[in-house]
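Me: Please take a close look at one pocket of this model, and then set it within the wider packing and the charged pairs of the chain.

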Amino acid sequence: MTATAKISLITGANKGIGFQAARRLGAQGAVVLLGTRDPARGEAAAKALREEGADAHAVHLDVTDAATIAAAAQHIGERYGRLDILINNAGINVEWPAGAPSEVSRDALWATLETNVFGLVEVTNALLPLIRRSAAGRIVNVSSEMGMPSWLAGSEMPAMTAYSVSKAAVNMLTVLYANELRGTAVKVNACSPGFVATDINRGVGERTAEEGAEIEVRLATLAADGPTGRFFNDGGPVEW
């Protein structure tokens, strides 16, 4: 690790978009910490990146487990002293195929919010003291247009109610964190990686994980004059 290397953490990084984001950041010279629920899978993913020349390490981090979040924050603080990039990439969708909102269950809502919202908040709050120490802290929240009422209004597409509600909350949290951190070196943005073929949709997406990761990395490496509190897809900023 060089003195100028950015320290990055990506949740849900042992596969899919998160892994590809770690690969891109590693190729740019960042230290990449792969937050994963399964330590064995995390180490296998980190090893694969190290074989490509990246400074990659697995970090046991289950966003629904407070103990692993606290331990990860402590480890990063002791080992690196700061965190430059946090990509809140971990997420689930338990409604596949989609159904009507009148059919969504409390269990589906709870499970989705626990990972996509509560987990994001707990991870961000635990790591924010380390991000504040960065000269150019970046937080990227992986979201979706499905959390945008303006995008869904009048749509005839089947609903993924719990998922859409969770991403609407992620969008609001992005604005709230950005407001709190305005005037600091930390920028907070949300992004949509697009309809990527991953486990979350049983592999039926139209884009590759490599393509989906590009926007995450772009926002993670914004220049000092870059935006904060915004939502982006590949076409650029999208109005809330």
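**The pocket and its surroundings**

Reply: In this predicted model, the second largest pocket has a volume of about 190 Å³. Its lining is made of 14 residues, and those closest to the centre of the pocket are Met146, Leu152, Ala159, Met160 and Ser164. Two helices, helix 5 (149-152) and helix 6, each contribute at least two residues to this lining. Helix 6 has the largest share, with four residues. In character, the lining consists of 10 nonpolar and four polar residues, with no charged residue among them.

Helix 6 also leads from the pocket to the packing of the chain. The largest nonpolar core contains 31 residues, and within this core Leu83 and Leu127 have the most contacts. At least two residues of the core come from each of strand 1 (7-11), strand 2 (31-36), helix 3 (66-80), helix 4 (106-132) and helix 6 (161-181). The greatest contribution is that of helix 4, which provides eight residues. Beyond the residues within four places of it in sequence, Leu127 is in contact with Leu9, Ala73, Ile76, Leu83 and Leu86. The two residues with the most contacts inside the core, Leu83 and Leu127, are thus also in contact with each other. A further core, of 29 residues, lies apart from the largest one; Val32, Ile87, Ala209 and Ala213 are among its members. Such groupings follow a broad tendency: in soluble globular proteins, nonpolar side chains tend to be buried together.

Two of those named members, Ala209 and Ala213, are also touched by a polar residue, Gln20. Gln20 belongs to helix 1 (residues 16-27), and Gln20 counts as buried because its relative accessibility of 10% is under the 20% cut-off. Residues up to four places away in sequence being set aside, Gln20 touches Ala209, Glu210 and Ala213.

The charged pairs complete the picture. Eight salt bridges are counted in the model. Side chains of opposite charge can pair when their charged atoms come close. Three residues, Glu214, Arg218 and Asp234, are linked in a network of salt bridges. Within this network, Glu214 pairs with Arg218, their closest N and O atoms lying 2.8 Å apart. Both residues are in helix 7 (residues 209-220), four residues apart, about one turn of the helix. Arg218 also meets Asp234 in a salt bridge, at 3.8 Å from N to O. That second pair links distant parts of the chain, 16 residues apart: Arg218 lies in helix 7, whereas Asp234 lies in the loop between strand 7 (231-233) and strand 8 (236-238).

The members of the network are partly exposed, with relative accessible areas of 27% for Glu214, 33% for Arg218 and 39% for Asp234. Each counts as partly exposed because that class covers the range between 20% and 50%. Another salt bridge joins Glu43 to Arg50, with the closest N and O atoms 2.4 Å apart. Here too the partners are partly exposed, Glu43 at 37% relative accessibility and Arg50 at 33%.

Terms used
Residues numbered from 1 in each chain as written. Predicted model: local features only at pLDDT ≥ 70, side-chain atom pairs only at ≥ 80, totals over all residues. Heavy atoms only, no water. Core = buried A, V, L, I, M, F, W, Y, C linked by side-chain atoms within 4.5 Å. Buried < 20%, exposed > 50% of the residue type's maximum accessible area, 1.4 Å probe, protein only. Contact = heavy atoms within 4.5 Å. 1 Å grid on protein atoms, 1.4 Å probe; cavity = no way out; pocket = protein on both sides within 12 Å on 5 of 7 lines; lining within 4 Å. Points joined across faces, edges and corners; volume = space filled by probe spheres on them. Nonpolar A, V, L, I, M, F, W, Y, C, P; charged D, E, K, R; others polar. Salt bridge = Lys/Arg side-chain N within 4 Å of Asp/Glu carboxyl O.
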